[in-house]
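Hi there,

Here is the structure I promised to pass on. Have a look at it first, and then read my notes below.

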Amino acid sequence: MTEQNQEVATEAQATEAVLQIQRIYIKDVSFEAPNLPHIFQQEWKPQLSFDLNTEVVELGEDLYEVCLNISTETTLEESGDVAFICEVKQAGVFTVSGLEGVQLAHCLTSQCPNMLFPYARELIASLVNRGTFPPLNLSPVNFDALFMEYLERQQAEQAQSEQPETVN
């Protein structure tokens, strides 16, 4: 009876999900302030544009690189002059095992970026500060909600493609 219990415990451990951070690093960074110094002579009414996406590359068995790409551009409301552009690629290598399909996709495009975002956020705040601009603290991002929106879009596109075309 003891051997059967050990076999069941071994099988349960084999199917257990694992997510481990191997390394977190900056892959690329860019900060531009093309209109210095005259930008500081204007009234500071900024408009911020923010773009975020995630790239995943399989490096080996259960080993993935996840790269969080964030781009921010701040322009002044009245003149339209660009105050600064900040682009950061914050990446990490993760071991992910015991997951497949949608669960694996959720882990790689939601949970891993969630771990990377605080590093990218701090780096952007530091770069903007070093440019002597007012503080820029990015709001938290709900990667789970973004993943759910992505799934809903895919389901809608799939349902639309399965509908027969009507001919007039």
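What follows is a short tour of the salt bridges, the core, the largest pocket and a few backbone details.

Please keep in mind that this is a predicted model.

**Salt bridges**

Searching the whole structure turns up 2 salt bridges. One of them pairs K27 with E65, and their closest N and O atoms are 3.0 Å apart. K27 belongs to strand β1 (residues 18-32) and E65 to strand β3 (residues 63-76), so this pair ties together parts that lie 38 residues apart in sequence. The two partners sit in unlike surroundings: K27 is partly exposed, at a relative accessible area of 47%, whereas E65 is buried, at 10%. E65 counts as buried because its relative accessible area of 10% falls under the 20% cut-off.

The other salt bridge is between the side chains of K45 and E43, with an N to O distance of 3.7 Å. K45 is partly exposed here, with a relative accessible area of 34%.

**The nonpolar core**

Which residues touch the most other members of the largest nonpolar core? They are I70, F84, V88, V96, L108, F117 and I124, out of 29 residues in that core. At least two residues each come from β3, β4 (82-97) and α2 (101-130). The element that gives the most is α2, with 11 residues.

I124 is a good residue to click on if you want to see this packing for yourself. Leaving aside residues up to four places away in sequence, I124 touches I70, C86, V88, L136 and L138. Two of these contacts, I70 and V88, are also on the list of residues that touch the most other core members.

**The largest pocket**

The largest pocket has a volume of about 210 Å³. Its lining is made up of L52, N53, T54, T109, F143, L146, F147, Y150 and R153. Which elements each supply at least two residues of this lining? They are β2 (46-60) and α3 (143-162), and α3 gives the most, with 5 residues. By type, the lining divides into 5 nonpolar residues, 3 polar and 1 charged. If you would like to find the pocket on screen, try selecting the lining residues F143, L146, F147, Y150 and R153, among others.

**Backbone details**

Three spots in the loops may catch your eye as you follow the chain.

- L36 and P37 are joined by a cis peptide bond, with omega at about 0 degrees. P37 is found in the loop between β1 and β2.
- D62 has a positive phi, near 65 degrees, in a residue other than glycine. D62 is in the loop between β2 and β3, and it counts as partly exposed at 29% relative accessibility.
- T132 also has a positive phi, about 65 degrees, although T132 is not a glycine. This residue is in the loop between α2 and α3. T132 is exposed because its relative accessible area of 56% is over the 50% cut-off.

That is the tour, and I hope it helps you find your way around the model. Do write back if you would like to go through any part of it together.

Best wishes

How values were computed. Residues numbered from 1 in each chain as written. Predicted model: local features only at pLDDT ≥ 70, side-chain atom pairs only at ≥ 80, totals over all residues. Heavy atoms only, no water. Salt bridge = Lys/Arg side-chain N within 4 Å of Asp/Glu carboxyl O. Helix = DSSP H or I, 4+ residues; strand = E, 2+ residues; numbered from the N terminus. Buried < 20%, exposed > 50% of the residue type's maximum accessible area, 1.4 Å probe, protein only. 1 Å grid on protein atoms, 1.4 Å probe; cavity = no way out; pocket = protein on both sides within 12 Å on 5 of 7 lines; lining within 4 Å. Points joined across faces, edges and corners; volume = space filled by probe spheres on them. Nonpolar A, V, L, I, M, F, W, Y, C, P; charged D, E, K, R; others polar. Core = buried A, V, L, I, M, F, W, Y, C linked by side-chain atoms within 4.5 Å. Contact = heavy atoms within 4.5 Å.
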